[in-house]
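Biologist: I would like to learn how to read a model of this kind, feature by feature. Could you take me through the general idea each time and then turn to the case at hand?

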Amino acid sequence: MSRPPWGLLAALAALFIPALGSRFYTFVATDVAIMALFAVSLNLLLGYGGLVSFGHAAYFGIGAYACGILMKYHAVPFALALPAAGLIAGAFAAFFGFFCVRLTKIYFAMLTLAFAQIVWAICFKWNSVTGGEQGMPEIPYPDLGWAARLPGLGTYRAGDHFYMLTVALVAACLWLLRRVVRSPFGRLLTTIRENPERAEFIGVNVRRHELIAFVIAGLFAGIAGGLFGIFNRGVFPDFAYWPKSSEVLIMTILGGTGYFYGPAIGALVLLVLNQQITSYTQYWPFILGTLLIILLFAFPGGIVGALSRLGSRLGRARRA
Amino acid sequence: MLEVRGVRKAFDGFQAVAGVDLTVGKGSICAIIGPNGAGKTTVFNLITGHLRPDAGSVTLNGREITGLPPHEICRLKIARSFQRTNIFPRLTVFQNIQAAFLSHRGHGLNLFGNVERYYRAETETLLGSIRLSEKAHEISGFLSHGNQKQLELGLALASEPELLLLDEPTAGMSATETHETIALIERIARDHGLTLLFTEHDMEVVFSIAQTIVVLHQGRVIAGGTPAEVRANPEVQRVYLGERGR
Ligand SMILES: Nc1ncnc2c1ncn2[C@@H]1O[C@H](COP(=O)(O)OP(=O)(O)OP(=O)(O)O)[C@@H](O)[C@H]1O
Ligand SMILES: [Mg+2]
């Protein structure tokens, strides 16, 4: 018995959100889709490789600036600018990762943070290229005139069209990442998480393997960043700043690092809660902190871990 | 096949291995014995690239392999097991062995194949020969100590070595488990024409299967030869066998 293709079903369902007719829902859903890709890319390192990166926002930021600069100043079409953003972020990940994988554990994490801080500082200061502190507003929307001519889509707004494109692209990226984690490469990555010393002794070139994972994670973070810059109608240095790295880390852990879609669920829950709670009270950070503490103690497998345990308990109860 | 010449290793000034020479002929079964802390594990670590010797050389079939990283040594058909079990605890038994096949046969960079389709038959055959077929889908970290030791051996065998180094393969096993495991190791070594270098505290095991024995004491080789020669060596009796007899 094969399990239902949850990812595909979720992506199809997500495509109907604009049909609800609320600009706000579409806005939140776009945010969730992009951050879900960002968080799942981080989880390739955290959940599968056992590598804690405190600087994943660097690649998100690099992708956002690359895509923004290409589209705004060089009139590169979106269809080229977005893959380019991924490749540029991947190239930076290769360069920084080369040094990071030479360290382990907390030293690895600190070095990823150090590189991210350098990226942030450059984005913040290099006025002529990045717009410095002011950032880079008015990233043009991709030309989606063709979408309006598709049957059934003519009545939607440009934001809805961009959202649908985002869902399709994020789904495609998640599909690719899912293939990677289920590949021989992905399996050997889990041996590194479990026991890097032993992995070497079954012939895994641990550093090289980690570096490749780092580049893939950086590449998809870059694509997420490129999409986010357009969605946000501007790119700012705080895309690469450490709070962004910790935000994505929280999403990933909240959702559950042991599950492929865990981080995506984490992104959904965190962003929706954030929207809801900030409309009632200004104490969101306090609530977030409390939530995290409860989760870490009561549900170390994250939200998806807790749900899956509940699911299997119900399944057993029904069979009994 | 394997030549170790004058390897030395010190930890913070403590000379753990003080110039060891060792020759293991192709197809032979050789044991390293010695009291606790003699440096047996350290010698293994020096041969397999886990540690870099301060001096001396290790050659395999005439090729210098001193100081190569473990994953390259592994590719030269040297495999090892560990004294303290060293497995992938949150993977299943099946996944442990399958991963060793994947790596050994060069699929490490295959990013898009479906891992479930690789080496099923090979993995199952190997699990059968180490008698873990029934536990194939259990999480390996939850196995009994004896089963983990068997898996440890399986991980080494999955890389289809010509030279197999086993660091106390039966440590902590019950008498029956020890007996079975030794019979298994002997059979596999014979069937595949393996060269075997192992350490062991159980003297009965050592003298029953080793063709040559090297005795290590405080980081030095104090005796070597056939089991009969080693048994008769007065120095050995004094530092090692004697201790046990007392
Ligand atoms: N990584 C290390 N750092 C510091 N000292 C070490 C290290 N590894 C081994 N030693 C020391 O080197 C000496 C030899 O250790 P080794 O583990 O090689 O002995 P052994 O012969 O395998 O002993 P046993 O029979 O207990 O397994 C010991 O005194 C040990 O404390
Ligand atoms: Mg030892």
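Modeller: What follows goes from strands to salt bridges and then to the ligands, and please keep in mind throughout that this is a predicted model.

Biologist: Let us begin with burial in a strand: how many of the five residues of strand S3 (residues 29-33) of chain B are buried?

Modeller: The general idea is that a residue counts as buried when its relative accessible area is under 20%. In S3(B), five of the five residues are buried, and the strand is described as mostly covered. Taking the two faces separately, Ile29(B), Ala31(B) and Ile33(B) lie on one side, while Cys30(B) and Ile32(B) lie on the other, and these are all buried.

Biologist: Which strands are joined to S3(B) by bridges?

Modeller: Strand pairing is read from the bridges between two strands, and at least two of them are needed. S3(B) runs parallel to strand S8 (residues 195-199) of chain B, with four bridges joining the two, and Cys30(B) stands opposite Leu197(B) there. S3(B) is also parallel to strand S9 (residues 212-217) of chain B, again through four bridges, and in that pairing Ala31(B) has Ile213(B) as its bridge partner.

Biologist: And what of strand S6 (residues 78-81) of chain B, are its faces covered or exposed?

Modeller: Both faces of S6(B) are covered, since Ile78(B) and Arg80(B) on one side and Ala79(B) and Ser81(B) on the other are all buried. S6(B) is joined by four bridges to strand S7 (residues 163-167) of chain B, the two running parallel, and Leu165(B) in S7(B) is the bridge partner of Arg80(B).

Biologist: Turning to charged side chains, how many salt bridges are there over all chains?

Modeller: The idea here is a distance test, in which a side-chain nitrogen of Lys or Arg must lie within 4 Å of a carboxyl oxygen of Asp or Glu. By that rule the count over all chains comes to 15 salt bridges.

Biologist: Where do Glu247(A) and Lys244(A) lie, and how far apart are they along the chain?

Modeller: Both residues belong to helix H12 (residues 242-255) of chain A and are three residues apart, about one turn of the helix. Their salt bridge has its closest N and O atoms 3.5 Å apart. Glu247(A) is partly exposed, at a relative accessible area of 23%, whereas Lys244(A), at 13%, counts as buried.

Biologist: Which residue meets Arg187(B) in a salt bridge?

Modeller: Asp191(B) does, with an N to O distance of 4.0 Å. About one helical turn separates these two residues, because they are four residues apart in helix H6 (residues 175-192) of chain B. Arg187(B) is partly exposed, with a relative accessible area of 37%, while Asp191(B) is exposed at 54%. Elsewhere, Arg187(A), Glu116(B) and Arg120(B) are joined into one network by salt bridges that share partners.

Biologist: Where are the two partners Glu122(B) and Arg105(B) found?

Modeller: The side chains of Glu122(B) and Arg105(B) meet in a salt bridge of 3.7 Å, N to O. This pair links distant parts of the chain, with Glu122(B) in helix H4 (residues 120-129) of chain B and Arg105(B) in the loop between helix H3 (93-104) and H4 of chain B, 17 residues apart.

Biologist: For the magnesium ion (ligand 2), what are the protein donors?

Modeller: A metal site is read through its donor atoms, bearing in mind that water is not among the atoms and that sites may therefore look incomplete. The protein donors here are Thr41(B), through OG1, and Gln83(B), through OE1, which lie 1.8 to 2.1 Å from the ion. Thr41(B) is in helix H1 (residues 40-47) of chain B and Gln83(B) is in the loop between S6 and H3 of chain B, so the pair, 42 residues apart, links distant parts of the chain.

Biologist: Finally, which of the 13 residues around ligand 1 come nearest?

Modeller: They are Asn36(B), Lys40(B), Thr41(B), Thr42(B) and Gln83(B). H1(B) gives the largest share of the shell, three residues. As for polar contacts, oxygen atoms of ligand 1 lie 2.5 Å from an N or O atom in the side chain of Thr42(B), 2.8 Å from a polar side-chain atom of Lys40(B) and 3.2 Å from a polar backbone atom of Ala38(B). Taken alone, ligand 1 exposes 630 Å², of which the protein buries 63%.

Methods:
Residues are numbered from 1 along each chain as its sequence is written. Chains are lettered from A and ligands numbered from 1 in the order in which they are written. This is a predicted model: local features need pLDDT of at least 70, side-chain atom pairs count only at pLDDT 80 or more; totals for chains, interfaces and linings use all residues. Side-chain values use heavy atoms; hydrogens and water are left out. Buried means under 20% relative accessible area, exposed over 50%, partly exposed in between (1.4 Å probe, protein chains only). Donors are N, O and S atoms within 2.8 Å of the metal (3.2 Å for Na, K and Ca); water is not among the atoms, so sites may look incomplete. A residue is near a molecule or strand if one of its heavy atoms lies within 4 Å of it. A polar contact is a pair of N or O atoms within 3.5 Å; within protein, one must be able to donate a hydrogen and the other to accept it, and residues adjacent in sequence count only if both atoms are side-chain atoms. Accessible areas come from the Shrake-Rupley method with a 1.4 Å probe; for residues, only the protein chains shown count as cover.
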